[in-house]
Amino acid sequence: MKFLITGGSGFLGINLIRHLHSRGHEIVSLDIVEFDYPDMNGKITAIKGDTRNVEDVEKSMQGVDIVIHTAAALPLYTEEEIFSTDIDGTKNVLESAYKHKVKRFIQISSTAVYGIPDHHPLFENDKLDGVGPYGKAKIQAEEECIAYRKKGMCVPIIRPKSFIGPERLGVFALFYDWAKDGHGFPMIGSGNNRYQLLDVEDLCDATYLCATLDEKIVNDTFNIGAKEFTTMKEDYQAVLDYAGKGKKIHGLPATPIIWTLKLLEALKLSPLYKWVYETASKDSFVSIERAEKVLGYKPKYSNKDALLRNYKWYLEHYNEFKDLSGVSHRVPWKQGILKIAKMFF
């Protein structure tokens, strides 16, 4: 089949491209960022373009069987960029896919659509309450997808937990940097809350199931996450133990830390945004029962497995990205004033 991956230059995009290419599929990538993966150059069609530009979308949609829509402006982008990319961009890709009679459109959403809930686990039919522009935009993007379902399109919606794995940097690079340099790491709150993660390989498997199983089965919404996870303190301590410096996770009082991070975010001195610091001290996990029963989803990696797999890659490739920074998952985020906090742990 011929797949279009929007956001193909991103962390999830390149993992999906490799996953699909290894299975013999033809792939088109559409991304505002240049496609610069040497192992895939010449093996796919890479189009540099913007989902907000109808001409770019039309150019990429020719002959496509299945769209996997991963392109999104992440929470560190401006509110205007988030809404224009995550909502308007999604509308454009949906409309073009519908016009070209694409067989199915797989929307990569987020568990950010649940906001800060009052119960766990979270199920797909729970109330949606996005925190910040990103969460709100993801909800509206899902509404656009559902509208096209009603028009007869097959539109699976995947809500993944925060996903990591080789090449994932972003906010996780902050933790890995501290572990590498022999520092402990602070947790907002006690760290005894359960916070589910997801390995990107398991997310690729779930996405492929949505691309290949009968459309009557997959034309639904699915939570995707790790099956095995413990507390944040225990899962993240596994990385510090592997680092071998004898350092520990340190719990800190949640309320004063959250207020401090709010102030630092407002002053643009910290990379941590509201959804990160307001959920980090709380339980955060979803039920994956529907995906297990309907799709046959079987995650291979626990939280600890995923964190360690990502950290080992970080160490092996550190010299390739140590001088980079930005707002995507592919580069470390600037630590800002948190570099000073690092000295105290």
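## A tour from helix H9 to the core

Start by selecting helix H9: its buried residues (under 20% relative accessible area, 1.4 Å probe, protein chains only) are Ile 258, Leu 261 and Leu 264. Measured by the directions from the helix axis to the C-beta atoms, they cover an arc of only 125°, which puts them on the same side of H9. An α-helix has 3.6 residues a turn, so residues three or four places apart point the same way.

Before you go on, remember that this is a predicted model, where local features need pLDDT of at least 70, side-chain atom pairs count only at pLDDT 80 or more, and totals for chains, interfaces and linings use all residues. Residues are numbered from 1 along each chain as its sequence is written, and side-chain values use heavy atoms, leaving out hydrogens and water.

Now turn H9 around. The face turned away from its buried side carries Thr 255, Trp 259, Leu 263 and Ala 266, which are exposed (over 50% relative accessible area). Just after H9, click on Lys 268, which takes a positive phi of about 60°.

Next, select strand S1 (helices, H or I, have at least four residues and strands, E, at least two; both are DSSP runs numbered from the N terminus). Add strand S2, residues 26-31: S1 and S2 run parallel, joined by five bridges (strands pair if DSSP finds at least two bridges between them). One pair to look for is Lys 2 with its bridge partner in S2, Glu 26. Five of the six residues of S2 are buried, so this strand is largely enclosed by the rest of the structure.

Stay in S1 and pick Thr 6. Is Thr 6 buried or exposed? Thr 6 is buried, with a relative accessible area of 0%. Its side chain reaches the backbone nitrogen of Ala 71 at 3.2 Å, a polar contact (N or O atoms within 3.5 Å, one able to donate a hydrogen and the other to accept it; residues adjacent in sequence count only if both atoms are side-chain atoms).

Finally, show the largest nonpolar core (buried Ala, Val, Leu, Ile, Met, Phe, Trp, Tyr and Cys residues joined through side-chain atoms within 4.5 Å). This core has 39 residues, and Ile 5, Ile 17, Ile 68, Ile 106 and Ile 224 have the most contacts inside it. Strand S1 and helix H6 are among the elements that each supply at least two residues of this core. Apart from it lies another core of 36 residues, among them Phe 172 and Trp 178.
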